[in-house]
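Here is my note on the structure, written as numbered points. Keep the viewer open and click through to each residue as you read.

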Amino acid sequence: MGRVTERRRVLRLRDGAMSTRPDTLVAEEPLEIRLGGEPLAITMRTPGDDFALAAGFLVSEGVLSRAEDVASIVYCAGATEDGSNTYNVVDVQLAPGVPMPDIALKRNVYTTSSCGLCGKAGLEAVRTTTGWPISDRPPVRVAPELLAALPDRLRAAQRVFDRTGGLHAAGLFSPEGELLDLREDVGRHNAVDKLIGRALQSGELPLSRRILLVSGRASFELVQKAVMAGIPMLAAVSAPSSLAVDLAVETGLTLVGFLRGSSMNVYAGE
């Protein structure tokens, strides 16, 4: 199985002096997600929590909502010509009675670790397919001072980032600011899927009293994932996209961007 980090020899230049040294890099490998044996999507990810990633991805797509919806998640042997297991292909089998999604869901496309599943469904599709509408529940209210403290708490818990400097993080916090779960990945959308998948596996969905904090920007896809998991508040240390703001407004999600120090922008759900 692929490791989270790998070592590479590099030429280092500092103030005109050159030296060679080993460097620790974050691992990046493809993961093919199959549903009922049929290829569904490929994402570039950091190996680890692959079953949770696949489960979280299917929650985001409206396929899964309970742990009982899954019959099994396994690595697929024979994924290479010599029949060896690369641990880069997982197959999700749905439990009896759980409907297979419409064939239109199946993209069979390459997904980069930076942009996620670009061009997914529009605002109306997300609003009508979520099983836990955020607008149906009382809002989660958080003081700005508490929000301002969360990025440092997230950063302090990023063990792999400390060794590589090359990972995104996604963290789930309680309304009181307690860090409940943290996942790291080369793709922030993968880190979020891993969080949501772990919540599905432990029977914690919907995450209706949680704050999701992500490193980097807040894309449409991350807002979509939060909404599909019932998460009422998403905060990011960088900017949101216009479509992300539109979806947050449409669904009742509180969306905070540029969360840095004591400053932040509230784009929806103020």
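1. Let's begin with a contact between two side chains. In this predicted model, the side chains of Thr-24 and Arg-7 make a polar contact of 2.4 Å. Thr-24 sits in strand E2. Is Thr-24 buried or exposed? Its relative accessible area is 13%, and buried means under 20%, so Thr-24 counts as buried.

2. While you're at E2, have a look at its partner. Strand E1 covers residues 5-14 and strand E2 covers residues 17-26; the two run antiparallel and are joined by 10 bridges. One pair you can pick out is Leu-13, which stands opposite Met-18 in E2. Together E1 and E2 make a hairpin, with two residues between them. Click on Asp-15 in that turn: its phi is positive, about 55°.

3. That positive phi deserves a pause. Most residues other than glycine have a negative phi. Asp-49 is another one to check, with a positive phi of about 55° although it is not a glycine. You'll find Asp-49 in the loop between strand E4 (38-45) and helix H1 (50-60). At 30% relative accessibility, Asp-49 counts as partly exposed.

4. Phe-258 belongs in this discussion too. Phe-258 isn't a glycine, yet its phi is positive, at about 50°. This residue is found in strand E12, and Phe-258 is partly exposed, with a relative accessible area of 29%.

5. Now for E12 as a whole. Why is E12 described as largely enclosed by the rest of the structure? Five of the seven residues of E12 are buried, so the strand is largely enclosed. E12 also pairs with strand E11 (residues 233-236): the two run parallel and three bridges join them. Look for Leu-234, whose bridge partner in E12 is Leu-255.

6. Next, the largest pocket. Its volume is about 390 Å³. Which residues lie nearest its centre? They are Val-140, Met-233, Thr-254, Gly-269 and Glu-270, from a lining of 19 residues. Helix H3 (144-156), strand E12 (254-260) and strand E13 (263-268) are the elements that give two or more residues to this lining. By type, the lining residues of the largest pocket divide into 12 nonpolar, four polar and three charged.

7. Since H3 has come up, try Asp-152, which has its place in that helix. Asp-152 is exposed, with a relative accessible area of 60%. How many residues apart in sequence are Asp-152 and Arg-260? The answer is 108, while in space the two are 9.4 Å apart, C-alpha to C-alpha.

8. Helix H7 (residues 242-251) is a good one to turn around on screen. Its buried residues are Ala-244, Val-245, Leu-247, Ala-248 and Thr-251. They cover an arc of only 165° around the axis, which puts them on the same side of H7. On the face turned away from that buried side, you should find the exposed residues Ser-242 and Val-249. After H7 comes Gly-252, and its phi is positive, near 90°.

9. Put helix H6 (residues 220-228) next to that picture. H6 is mostly covered, and nine of its nine residues are buried. Among them are Phe-220, Leu-222 and Val-223, but also Glu-221, Gln-224 and Lys-225. Following H6 there is Gly-230, with a positive phi near 80°.

10. Here's a buried charged residue to look at. Asp-185 lies in strand E9 (residues 179-185). Its relative accessibility is 0%, so Asp-185 counts as buried. What joins the side chains of Asp-185 and Lys-194? A polar contact of 2.7 Å does.

11. One last stop, this time at the backbone. Most peptide bonds are trans. The bond from Leu-205 to Pro-206 is cis, with omega near 0°. To find Pro-206, go to the loop between helix H5 (188-201) and strand E10 (211-214).

How values were computed: Residues are numbered from 1 along each chain as its sequence is written. This is a predicted model: local features need pLDDT of at least 70, side-chain atom pairs count only at pLDDT 80 or more; totals for chains, interfaces and linings use all residues. Side-chain values use heavy atoms; hydrogens and water are left out. On a 1 Å grid over the protein atoms alone, a cavity is a set of points where a 1.4 Å probe fits but cannot get out, and a pocket is an open set with protein on both sides within 12 Å along at least five of seven lines; lining residues have an atom within 4 Å of a point. Grid points are joined across faces, edges and corners, and a volume is the space filled by probe spheres set on the points. Helices (H or I, at least four residues) and strands (E, at least two) are DSSP runs, numbered from the N terminus. Ala, Val, Leu, Ile, Met, Phe, Trp, Tyr, Cys and Pro count as nonpolar, Asp, Glu, Lys and Arg as charged, and the others, Gly among them, as polar. Two strands pair if DSSP finds at least two bridges between them. Buried means under 20% relative accessible area, exposed over 50%, partly exposed in between (1.4 Å probe, protein chains only). The arc is that of the directions from the helix axis to the C-beta atoms. A polar contact is a pair of N or O atoms within 3.5 Å; within protein, one must be able to donate a hydrogen and the other to accept it, and residues adjacent in sequence count only if both atoms are side-chain atoms.
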